[in-house]
Every structure is written in C-alpha cells, then in structure tokens.
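Take a moment to look at the sequence and the 3D structure shown here. The report below walks you through what surrounds the ligands, how some helices pack, and two backbone details worth finding for yourself.

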Amino acid sequence: MTSLIDPYSRTIDYLRLAVTDRCNLRCLYCMPEEGLQLLRHEDILSYEEILRLLKICIQAGISKVRLTGGEPLVRKDLDYLISQISKLQPSLDISLTTNGLLLSKQAESLAAAGLKRVNISIDSLDPDTYRRITRTGNLSQVLSGLEAAIAAGLEPVKINVVVLKHVNEELEAFVELARRLPVHVRFIEYMSPCGIFDESFYVSAEEIKQGLAEFGRLEVAEPPLGAGPARYFKLAGAKGLIGFISPISSHFCPNCNRLRLTADGKMKTCLFSPDEDDIREILRSGSEDGYVLETIKRSLERKPRDYGKGSSPGRTMSQIGG
Ligand code: SAM
Ligand code: SF4
C-alpha cells in the first residue's frame, strides 16, 4: 500500500531515475552539438546511494522504476545496479529508456539481471536522417540493439519517435516496422520547454494520426504493459501497436503518477516545473531513512496540479531523464 499520495489525490507509484547525464549521441532537439556542461563524477549518485533511496521509495509504494539518462547504457555496470534493484523487490517493474546504440552487447545481461522491458528511441528509419538527427548515430547498430532486445525477451519493446516538423515526418517506415516486428511504435510530441528548439518544430499527435490514415484504419487498442500516458491503436496486419504521447496537446496531468530523480540526486515532481529538492544532500548528510522519506513527501506536497503553459524545467531532457 503506497503512502505517496499528492494533494490532488494522485497516487505516486512510478519513479524515473536518471543514472547519468552523459550521452553517446547529440540529438539535435535535445543537446547542442558540443554537448552540455557535464556533472562531476562526485556529483552523480553512487549505486549505493541509488539503492538506499530506492529501498525507501519501494517501502513507500513505488512499484515501477524506469532507468534513463542521458544515455543509461554508458554508465558502467548498469546490469549490476539492476540486479541489486531486483533484489530489493523481485516483483518491481524495472524498465529502461535507451537510444539503443549499446544494446546489442548488453541486452542479454540486462535481462538476466532483472530488467523487464525496454523503450528504444529511434527518430528515423532512414540512415541519413537518423544520423542527421542524432548527429553521430549509426542506425544499423541501433536496429541490432532492437533485435537483441526482442531476443532477450525485454518485451514489450516500445519505440519512441519524437516527430519534428520538416525533419522526420516520414511515418511509413515506422508503420512497416510495426507490421514486421512485435514492437509498439509511439509517436511523441516535441516538448519545446525541455528541448533546445522553439515551438516551430512541434507537430501535434492529431496531425501525426491524420498522416497515418493513408496506411490503414487505426482502431483503439488495449494498452500494453507499462503504457503510461500513451494512447494505443491497432493497425490491420501489424504485430505491434501504434501509440501517441501528447504531453503538449492533451496533458496527462490528472493521472500523473510520477516522480523523477536526476543523476545528481534532485527530486522533481513535475517534468515542466523548475521546482526540485536536493535528495543527494540529505542522503550524504547522515540523515535517517525516515527523514529522507519525509523530504520526498514534502516535495510531493508541492507537486503542481497541472503543467502551466509557459513553465519550463530549467534543465533539458538529458539532464532530467525524460
Ligand atoms: N538517451 C535515452 C534515449 O534517448 O532514449 C534516454 C534519455 S532521453 C532524454 C528520453 C526520451 O526523451 C527519448 O525518447 C527522447 O527522444 C525524448 N526527448 C528528449 N528531448 C525531448 C523533447 N524536447 N521533447 C520530447 N521528447 C524528448
Ligand atoms: Fe542522448 Fe537521448 Fe538526448 Fe538523444 S535524446 S541526446 S540519445 S539523451
């Protein structure tokens, strides 16, 4: 039974945990080409600190943990961290969001460690466009990672596609992917408040859905495991579903069940708000677990009811964890 309930009666049972702010790509909507100012090694939560905090959160009712970043697979020994998280509570739903570049080498050991499922970000299935968006990425390497994830049973595998106006509005290849492989393709609205582009790159989920009409009828589908705020549709003959995540055009604030922890241990209760609490400082100051939990609950008391237009987190997605 969870004790994490905010003032608007939302039950908080989902923690998104950034394990690093480093990344092996430079997606043009997420980071400048030269990268961002990186955290110092000592500023990043150690695995021991993460495990202590997770133990406290799980006891308070967190039942889903997503590891993210930066690129989580660049952090050394992530499989070790996952195996230790699994031991805290074997039924915990542990998932990962990754750009997939390092997945072909790691998928099997991550699954063996207790990772349940994976979301892979692939913004284009055209090698040149993919490289243009990621600046350095090799699409075939990511597709090998995708196959490795399926082979390792990290299912349901979901593909994240951030659609940007005039950059990657080619939807047909993703429809074909969902027809050929058992993967769910989710089109995500670009969030300019956490990106480095302005709103002119934004394409609404409704526009994307209309663009898909020529490939067949979309019928409302039961959401797969871990669906979160996405709305899912079936396309005749496809093995996977088509999903839409519309944080801008249709906020999911009333059902928000999330807490976020940045790689440097800042607790955020809303992706779009600059408000954060320094949990790392509390962990390192010798405080008892009870005080850590009280601090998390105090943060939750300030969780905004909804995303206020014009509010900005003061960090980019790679610094928050998406
Ligand atoms: N590096 C990993 C990856 O790319 O999957 C994990 C971190 S990344 C910040 C998490 C997700 O956020 C990715 O799917 C990425 O495409 C998405 N993202 C980053 N910036 C975004 C923005 N401004 N609007 C919408 N999605 C964004
Ligand atoms: Fe890195 Fe993910 Fe941001 Fe791309 S979206 S730069 S892979 S953190």
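Around ligand 2 you will find Cys-23, Leu-25, Cys-27, Cys-30, Gly-70, Asn-99 and Ser-318; a residue is near a molecule if one of its heavy atoms lies within 4 Å of it. Sorted by class, this shell holds four nonpolar, three polar and no charged residues. Here Ala, Val, Leu, Ile, Met, Phe, Trp, Tyr, Cys and Pro count as nonpolar, Asp, Glu, Lys and Arg as charged, and the others, Gly among them, as polar.

Before going on, please note that this is a predicted model, in which local features need pLDDT of at least 70 and side-chain atom pairs count only at pLDDT 80 or more, while totals for chains, interfaces and linings use all residues. Residues are numbered from 1 along each chain as its sequence is written, chains are lettered from A and ligands numbered from 1 in the order in which they are written, and side-chain values use heavy atoms, with hydrogens and water left out.

Now turn to ligand 1. It has 17 residues around it, and those that come nearest are Tyr-29, Gly-70, Ser-121, Met-191 and Met-317. The shell around ligand 1 is made of six nonpolar, nine polar and two charged residues. Two strands, β3 (93-98) and β5 (157-163), each give at least two residues to this shell; helices (H or I, at least four residues) and strands (E, at least two) are DSSP runs, numbered from the N terminus.

Which polar atoms lie close to ligand 1? For contacts like these, the pair is of N or O atoms within 3.5 Å; within protein, one must be able to donate a hydrogen and the other to accept it, and residues adjacent in sequence count only if both atoms are side-chain atoms. A nitrogen atom of ligand 1 is 3.2 Å from an N or O atom in the side chain of Glu-71. An oxygen atom of ligand 1 is 3.3 Å from a polar backbone atom of Thr-98, and an oxygen atom of the ligand is also 3.3 Å from an N or O atom in the side chain of Asn-160. The protein covers 94% of the 540 Å² of accessible area that ligand 1 has on its own, with areas from the Shrake-Rupley method and a 1.4 Å probe.

Next, the helices. The table lists three packed pairs.

| Helix pair | Angle | Axis distance |
|---|---|---|
| α1 (47-59) and α9 (289-301) | about 70° | 10 Å |
| α1 and α2 (78-88) | about 25° | 10 Å |
| α2 and α3 (103-113) | about 20° | 8 Å |Axes are lines fitted to C-alpha atoms, for helices over the stretch in contact, and angles run from 0 to 180 degrees between N-to-C directions. The angle makes α1 roughly perpendicular to α9, whereas α1 and α2 are roughly parallel to each other, as are α2 and α3. Angles under 35 degrees count as roughly parallel, over 145 as roughly antiparallel, 65 to 115 as roughly perpendicular and the rest as oblique.

Finally, look along the backbone. A cis peptide bond, with omega about 0°, joins Glu-155 and Pro-156. Pro-156 sits in the loop between α5 (139-151) and β5. Ser-9 has a positive phi, near 65°, and is not a glycine; Ser-9 belongs to the segment before β1 (14-18). Most residues other than glycine have a negative phi, and most peptide bonds are trans.

Conventions. Axes fitted to C-alpha atoms, helices over the stretch in contact; angles between N-to-C directions. Parallel < 35°, antiparallel > 145°, perpendicular 65-115°, else oblique.
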